[in-house]
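Reader: Hi! I'm new to reading protein structures and would love a close look at one part of this one. Could you take me through the sheet and what surrounds it?

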Amino acid sequence: MHTMKTVFAGLVLGASALSQAGVVDVSMNLINDQGIGRAIGAIHAEDTDAGLKLMPDLKGLPPGPHGFHVHEFADCGAKAKDGKRSAGLAAGAHYDPAKTGKHAGPLGEGHLGDMPVLTVASDGSAKLPVTAPRLKASDLQGRSIIIHAENDDYADKLGGARIACGVVK
Ligand SMILES: [Cu+2]
Ligand SMILES: [Zn+2]
């Protein structure tokens, strides 16, 4: 009986260590052409059977649908391009480890960092979860999550300006 209990405890500990490995919390800030602005909340992400589930708890964003992607570098800073400083450019392009060079949305076969659009309510809060079927929590390590000003059509429109960002280091 004593032996059985010890084995059971070991299994439970093993399971909890596994699930912790598939969880990431990302603090998000507004960004602008000067750099990083105020904090707007966090996104909790965890691995599920359906893919990476992202549960935002954000406020202070413009209402409506927004392009929402994993970008390649863990840096939310502004950067100059063609002589003009732009918000969040230091985050680089959409995360694309397979080098597809294609923006195709969460279900497509392009950038791995293409996630479903983030929906912001009329009060500026974002609480609706989204699931990115091809992503895992471990993919976020060393990268950033970016929210864009506009919608993403999973084809030609990537969402315009970068307005919020968080890094996973
Ligand atoms: Cu993006
Ligand atoms: Zn993309």
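Author: Happy to! Seven strands form an open sheet, in the order β5-β10-β11-β1-β2-β3-β9, and their pairing is antiparallel. Keep in mind that what you are looking at is a predicted model. Try finding the two ends of the sheet: β5 and β9 stand at the edges, and each has a single partner strand, so one side of each is left without a neighbour in the sheet. As you step from one strand to the next, the twist averages 30°.

Now zoom in on one pair. β1 and β11 run antiparallel and are joined by two bridges. Here L30 stands opposite A164 in β11.

How does the sheet fit into the whole chain? The protein has one helix and 11 strands. Reading along the sequence, you meet them in the pattern α-β-β-β-β-β-β-β-β-β-β-β. Among contacts between residues at least 6 apart in sequence, 58% join residues at least 24 apart.

Next, look at the nonpolar residues. The largest nonpolar core has 28 residues, and those touching the most other members are L54, L58, L61, F68, I145 and I147. At least two residues of this core come from each of β1 (23–32), β2 (35–48), β3 (51–58), β5 (68–71), β8 (118–120), β9 (130–132), β10 (143–148) and β11 (162–168). Another core, of six residues, lies apart from it, and its members include I31, A87, A91 and I146.

L54 is a good residue to click on. Leaving aside neighbours within four places in sequence, L54 is in contact with I43, H44, A45, F68, M115, P129, V130, A132 and I145. Two of the partners in that list, F68 and I145, are also among the core residues that touch the most other members.

Finally, find the copper ion (ligand 1). Its protein donors are H69, through ND1, and H71 and H148, each through NE2, at 1.9 to 2.0 Å from the ion. Along the chain these donors follow the spacing H-x1-H-x76-H. You can link this site back to the strands, because β5 covers 68–71 and β10 covers 143–148. H69 and H71 are both buried.

To step back to the whole protein, 41% of its 169 residues count as buried. The protein exposes about 9100 Å², with carbon and sulfur atoms supplying 58% of that area.

Note on methods: Residues numbered from 1 in each chain as written. Chains lettered and ligands numbered in written order. Predicted model: local features only at pLDDT ≥ 70, side-chain atom pairs only at ≥ 80, totals over all residues. Heavy atoms only, no water. Donors = N, O, S within 2.8 Å, 3.2 Å for Na, K, Ca; no water. Buried < 20%, exposed > 50% of the residue type's maximum accessible area, 1.4 Å probe, protein only. Helix = DSSP H or I, 4+ residues; strand = E, 2+ residues; numbered from the N terminus. Contact = heavy atoms within 4.5 Å. Areas by Shrake-Rupley, 256 points an atom, 1.4 Å probe, with all protein chains shown as cover. Core = buried A, V, L, I, M, F, W, Y, C linked by side-chain atoms within 4.5 Å. Pairing = 2+ DSSP bridges. Axes fitted to C-alpha atoms, helices over the stretch in contact; angles between N-to-C directions.
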